Amino acid sequence: MDALLVANGTVLTLGAHSRVLANHDVLCRDGVIERIAPRGTIDAQGARVLDASRRVVMPGFINAHTHLYSTFARGITGLRSSTSFREVLEHLWWRLDRALALEDCGLSALVAMTDAVRHGTTTLIDHHASPSAVRGSLDVIASAAMRVGVRACLCYEVSDRDGERVAGEGIEENSRFVRRCQVEGGDRLRALFGLHASFTVSDATLASVAEAGKRLGAGFHVHAAEAASDQEHAVRVFGARVIERFRAFDVLGPRTIAAHCVHVDDREMEVLAATGTTVIHNPQSNMNNAVGAADVRRLQRHGVLVGLGTDAMTENMLEELRAALWLRHLTQADPSAGFADTVSLLLANNAAIANRHWQGRLGEVREGALADLVVIDYDPPTPLEEGNLGGHVVFGLSQAAVDATIVGGRVLMAGRRLELDLDEAELAAHARERARALWERL
């Protein structure tokens with residue numbers, strides 16, 4: 001692989017000992033960061049040079065929970081209005097995912113991933129559903145990821161809402177893709193075993209999923225207590241709260257992601273912490289669906305590792321971070337509440353979560369780390385130092401343009417122009433054509 005020198009930037013290393021390194025060069029070779037040194041001190045003869053002068057260089061962003069298949073919902077009209085979370089699912093999402101064909105799965109992923117690149121998001125942990133096109137769906141999404149060049153951790157959400165046959169296909173699709181990634185995932189693809197949510201999964205299906213996932217050594221990715229109705233259903237039908245039910249079936253653990261956890265109690269938080277299960281906060285989605293706000297402060301006090309996802313509301317992680325901070329201030333009625341803790345969801349915790357699957361090599365600009373970088377057009381008007389990094393991220397970098405996105409030392413975008421083997425106008429036109437046909441099927 002050709003070498004790449006990102007030259008003369010202000011490097012935000014992040015990591016356990018985060019530093020701000022002004023006027024530094026970063027040399028990338030063979031997919032990793034080989035050296036970081038003051039400007040002009042690295043002999044990088046033959047390397048491609050990206051000028052990062054008056055720009056910030058930092059680790060690429062990680063989206064810890066998204067739904068790439070939701071791309072074609074953008075602008076959709078004519079659906080019944082919804083007055084509850086269950087109706088949002090029934091009127092929109094479950095109708096849309098049933099209408100997806102394999103081509104739609106790949107195309108929607110391709111559009112969303114290119115959007116991620118434009119916003120400096122280099123790793124995506126996705127949760128997929130396409131009940132009419134289960135078999136091979138994870139392969140077409142993986143192909144999109146390889147074509148764009150991002151890292152992706154994929155799963156298929158198993159559910160009983162479309163019947164026993166489709167649930168069985170979902171279990172097999174997860175199993176097959178986990179095996180594929182174990183053999184040929186390289187440093188780009190990872191797999192989890194997907195579940196929709198407690199209220200759409202019977203005990204029999206949950207047992208089958210748990211057995212299959214454990215046999216393969218896989219973690220799980222599930223929606224948990226997103227709405228109060230999920231807890232009400234679990235208690236009424238299964239006699240246990242959502243997290244307790246998942247623990248009973250042994251699907252919790254350090255490699256498992258529980259998205260949302262808006263309506264969990266202290267006992268459930270203790271279980272999440274004791275099992276090492278990670279929770280992903282999705283503030284914009286929770287506000288949009290009017291389901292409430294996760295108590296991130298309490299989860300963290302219980303020792304739960306909480307990360308940040310978008311639930312497909314955006315691929316712009318800095319936008320989601322700002323939403324998380326404003327929501328925390330509002331719910332705690334305190335304009336100073338949780339600034340550092342909230343910023344850490346994106347800048348530290350998402351890396352810790354992803355590194356459970358990528359062997360500790362993401363989310364930091366250091367020698368030996370995977371060379372996933374974002375270059376942001378930001379020349380700070382005030383001093384930028386280790387002690388005020390969070391303030392610059394929330395109020396400065398979030399409003400600046402991403403100039404370059406790099407994954408594994410490969411430049412995916414530079415000078416705000418994509419360097420991908422695809423025609424953006426053709427992609428957009430094809431997506432519009434497929435979206436219109438999908439809407440008609442609805």
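Setting aside residues up to four places away in sequence, Cys 105 touches Leu 100, His 128, Ser 130, Ser 137, Val 140 and Ile 141. This cysteine belongs to helix α2, which covers residues 102-118. With a relative accessibility of 1%, Cys 105 counts as buried. Ser 159 stands 54 residues from Cys 105 in sequence, and the two C-alpha atoms are 18 Å apart in space. These values, like those that follow, come from a predicted model.

From this helix one may turn to the chain as a whole. The protein chain contains 14 helices and 18 strands. For 442 residues, a compact globule would be expected to have a radius of gyration near 22 Å, and the 21 Å of the protein chain agrees with that expectation. Taken along the principal axes, the box filled by the C-alpha atoms is roughly 65 × 50 × 45 Å. Of the 442 residues, 60% count as buried. Among contacts with a separation of 6 or more, 74% join residues 24 or more positions apart.

The surface and the charges complete this overall view. The accessible surface of the protein chain is about 17,300 Å², and carbon and sulfur atoms contribute 48% of that surface. The side chains include 46 positive and 56 negative ones, and the centres of these two sets lie 1 Å apart.

A second local example is Gln 284, a residue of helix α9, which spans residues 283-288. Its relative accessibility is 17%; because the limit for a buried residue is under 20%, Gln 284 counts as buried. Beyond four places in sequence, Gln 284 touches Met 313, Thr 314, Glu 319, Glu 320 and Ala 323. For one of these partners, Glu 320, the separation along the chain is 36 residues, while the C-alpha atoms of Gln 284 and Glu 320 are separated by 6.8 Å.

The cysteines raise a further point. A disulfide is a covalent bond between the sulfur atoms of two cysteines. How many disulfides does a search of the whole structure find? The search finds zero. Cys 153, for instance, is in no disulfide, and the nearest cysteine sulfur, that of Cys 155, is 7.3 Å away. Why is there no bond from Cys 155 to the closest cysteine sulfur, in Cys 153? The distance of 7.3 Å is too far for a bond, since a disulfide requires the two sulfur atoms to be within 2.5 Å. Cys 153 counts as buried at 0% relative accessibility, and Cys 155 is likewise buried, with a relative accessible area of 0%.

Backbone geometry draws attention to two loop residues. Most residues other than glycine have a negative phi. Asp 30, however, has a positive phi, near 55°. Asp 30 is found in the loop between β2 (20-29) and β3 (32-38). Is Asp 30 buried or exposed? Its relative accessible area is 56%, so Asp 30 is exposed.

Cys 261 also has a positive phi, with a value near 50°. The loop that holds Cys 261 runs between β12 (257-260) and α8 (266-275). At 1% relative accessibility, Cys 261 counts as buried, whereas Asp 30 is exposed.

Technical notes. Residues are numbered from 1 along each chain as its sequence is written. This is a predicted model: local features need pLDDT of at least 70, side-chain atom pairs count only at pLDDT 80 or more; totals for chains, interfaces and linings use all residues. Side-chain values use heavy atoms; hydrogens and water are left out. Helices (H or I, at least four residues) and strands (E, at least two) are DSSP runs, numbered from the N terminus. The radius of gyration is taken over C-alpha atoms; the globule rule is 2.2 Å times the number of residues to the power 0.38. Buried means under 20% relative accessible area, exposed over 50%, partly exposed in between (1.4 Å probe, protein chains only). Contact means heavy atoms within 4.5 Å. Accessible areas come from the Shrake-Rupley method with a 1.4 Å probe; for residues, only the protein chains shown count as cover. Lys and Arg count as positive and Asp and Glu as negative; His and the chain ends are not counted. The place of a charge is taken as NZ of Lys, CZ of Arg, CG of Asp or CD of Glu.
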